[in-house]
Amino acid sequence: MNPDRTLPWDWYPGRIPENVAVDETAYIETTFSFYFFRSRLPKGVEIGRGASTYLGTMFDVGPRGRVTLGAYALVHGARIVCDSEIVIGDYALISWNVVLMDGYRVPFNPLDRRKELELLPTRQPRLAAADVPARPIRIERNVWIGFDACVLPGVTIGEGSIVGARSVVIEDVPPYTVVGGNPARATRQLEPGVRATST
Amino acid sequence: MNTPGPASLPANARIGPNTIITGDLAFKRFHSREPDALVVGANSTMDGVHFALGEKGRVQIGDYCYFTNAVLLCESELRIGNYVVVGWNATIADTDFHPLAPAERIADAIACSPAGKGRSRPEIAKRPVWIDDDVWIGPNATILKGVRIGAGAFVEAGSLVTRDVPPRARILGNPAQVIGEMP
């Protein structure tokens, strides 16, 4: 990162927001990932040692949202929709077009939703920002999420688990479990094994 | 990337006051020759939407709609009401894209190939998609041809919708099933 918080290799003329903490060994492909970032917390996003985010990754983080990316986590183009908290653990691998959403941004009641959609065109940039409940998402360490998968509000995915491509995860996944399908169901268990975790 | 910034409208597209269409790829695959091929009402937000219309495609979208990076693939008709939300990377298609019958598909492969200049494509199944008022469609969802989604229905993220959806149903899965009812 340059002193003015631009990126030397960036195609988009943006900056890393002040309240985004990036470890000096982390890699961010583009500041376009923060186009919808509007957290007002002191640390709206924290990106750990050796973590990386690539093109297509979007930190769509609301005013009270906080996203944490653990050490060596690799996010290859996920849509992170966060109004409460989304924690992505160390060594997690998140594939392209994955959606992690901790809320719906609009009221469920159609009449209230109409009011929100009437406000939306008055905002800059235009986005849904209704004050509706959000439920944190936890992706624990060493989880792998395949492409096009969706993780719905309130879900915890346990350590070492695998979420198959295009799965939709609507309930917690225990540690070391492979899930697949829409809605996602457990298909097998994994052995944790032993491996050195230092680089 | 479909980057921000207003898209320039084709001559046969019409949008209402305070409606915006952004993204430099919005009309990259817009081939419709119909008059009023795309009509969007007032106060709608079409952020990074792909309007991929065939020669006879017609898309009608109402007021106060909010679409983010949706992909609209239209060979016949998409009719979308008011206050409809379509989430990021959702796909709505009113066509099968290619014939189902194997022999027909070979003819189509040749017609579509760079060597197929001038050959016409075989008949391909297409049926209009209707999405009624107050429908919410989540990110990564897919809506297939001939489907009508009833008013106030809630299509969860990642759903694949192959059949009509009753009004106010909450649906999820592949294929999508009713899992509850909305207020």
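The following questions and answers concern a predicted model of chains A and B.

Q: What ipTM does the model score?
A: This is a predicted model. The mean pLDDT of chain B is 96, and 98% of its residues reach 70 or more. The model has a pTM of 0.94, and its ipTM is 0.92.

Q: What radius of gyration does chain A have, and does it agree or disagree with that of a compact globule?
A: The C-alpha trace of chain A spans about 55 × 45 × 25 Å along its principal axes. For 199 residues, a compact globule would have a radius of gyration near 16 Å, so the value for chain A agrees with it, at 17 Å.

Q: What percentage of the residues of chain A count as buried?
A: Chain A has one helix and 19 strands. Among its contacts with a separation of 6 or more, 30% are between residues 24 or more positions apart. Of its 199 residues, the share that counts as buried is 43%.

Q: How many nonpolar residues are on the side of chain B that touches chain A?
A: The contact takes 25 residues from chain A and 24 residues from chain B. On the chain B side, two residues are charged and nine are polar, while the nonpolar residues number 13.

Q: Which residues touch the most other members of the largest nonpolar core?
A: In soluble globular proteins, nonpolar side chains tend to be buried together. The largest nonpolar core holds 107 residues. One of its members, A:Val169, is in contact with residues including A:Cys150, A:Leu152, A:Ile157 and A:Val179, neighbours within four places in sequence being left aside. The residues that touch the most other members are A:Leu100, A:Val169, B:Phe51, B:Leu72 and B:Val155.

Q: Which side chains of strand 9 of chain A point to one face and are buried?
A: In a regular strand the side chains alternate between the two faces of the sheet. In strand 9 (residues 85-88) of chain A, A:Glu85 and A:Val87 point to one face and are not buried. Those that point to the other face and are buried are A:Ile86 and A:Ile88.

Q: Which residue of strand 12 of chain A stands opposite A:Ile86?
A: Strand 9 of chain A is joined in parallel to strand 6 (residues 66-69) by four bridges, and A:Val67 stands opposite A:Ile86. Strand 9 also pairs in the parallel sense with strand 12 (residues 137-139) of chain A, over three bridges. In strand 12, the residue opposite A:Ile86 is A:Ile137.

Q: Which residue of strand 8 of chain A stands opposite A:Asp60?
A: Both faces of strand 5 (residues 58-61) of chain A are covered, with A:Met58 and A:Asp60 buried on one side and A:Phe59 and A:Val61 buried on the other. Four bridges join strand 5 to strand 8 (residues 79-82) of chain A, and these strands run parallel. Opposite A:Asp60 stands A:Val81.

Q: Which strands are the edge strands of the open sheet of chain B?
A: The open sheet has eight strands in the order 2-4-7-10-13-16-18-19, with mixed pairing. Within it, strand 16 (residues 154-155) and strand 18 (residues 169-172) run parallel and are joined by two bridges, with B:Phe154 opposite B:Arg170. Each edge strand pairs on one side only, and these are strand 2 (20-22) and strand 19 (177-181).

Q: Why does A:Thr30 count as partly exposed?
A: A:Thr30 is found in the loop between strand 2 (27-28) and strand 3 (45-47) of chain A. Not counting residues up to four places away in sequence, A:Thr30 touches A:Asp10, A:Trp11, A:Tyr12 and A:Leu55. A residue is buried only from 20 other C-beta atoms within 10 Å and exposed at 12 or fewer. A:Thr30 counts as partly exposed because its C-beta neighbours inside 10 Å number 19.

Q: Is B:Asp36 buried or exposed?
A: B:Asp36 has its place in the loop between strand 2 and strand 3 of chain B. Its phi is near 50°, a positive value in a residue other than glycine. Because 12 other C-beta atoms lie within 10 Å, B:Asp36 is exposed.

Q: Which residue precedes B:Pro175 across a cis peptide bond?
A: In chain A, the peptide bond from A:Asn182 to A:Pro183 is cis, with omega near 0°. In chain B, B:Pro175 is found in the loop between strand 18 and strand 19. The bond leading to B:Pro175 is cis, with omega near -5°, and comes from B:Asn174.

How values were computed
Residues numbered from 1 in each chain as written. Chains lettered and ligands numbered in written order. Predicted model: local features only at pLDDT ≥ 70, side-chain atom pairs only at ≥ 80, totals over all residues. Core = buried A, V, L, I, M, F, W, Y, C linked by C-beta atoms within 7 Å. Contact = placed C-beta atoms within 7 Å. Nonpolar A, V, L, I, M, F, W, Y, C, P; charged D, E, K, R; others polar. pLDDT = per-residue confidence, 0-100. Rg over C-alpha atoms; globule rule 2.2 N^0.38 Å. Pairing = 2+ DSSP bridges.
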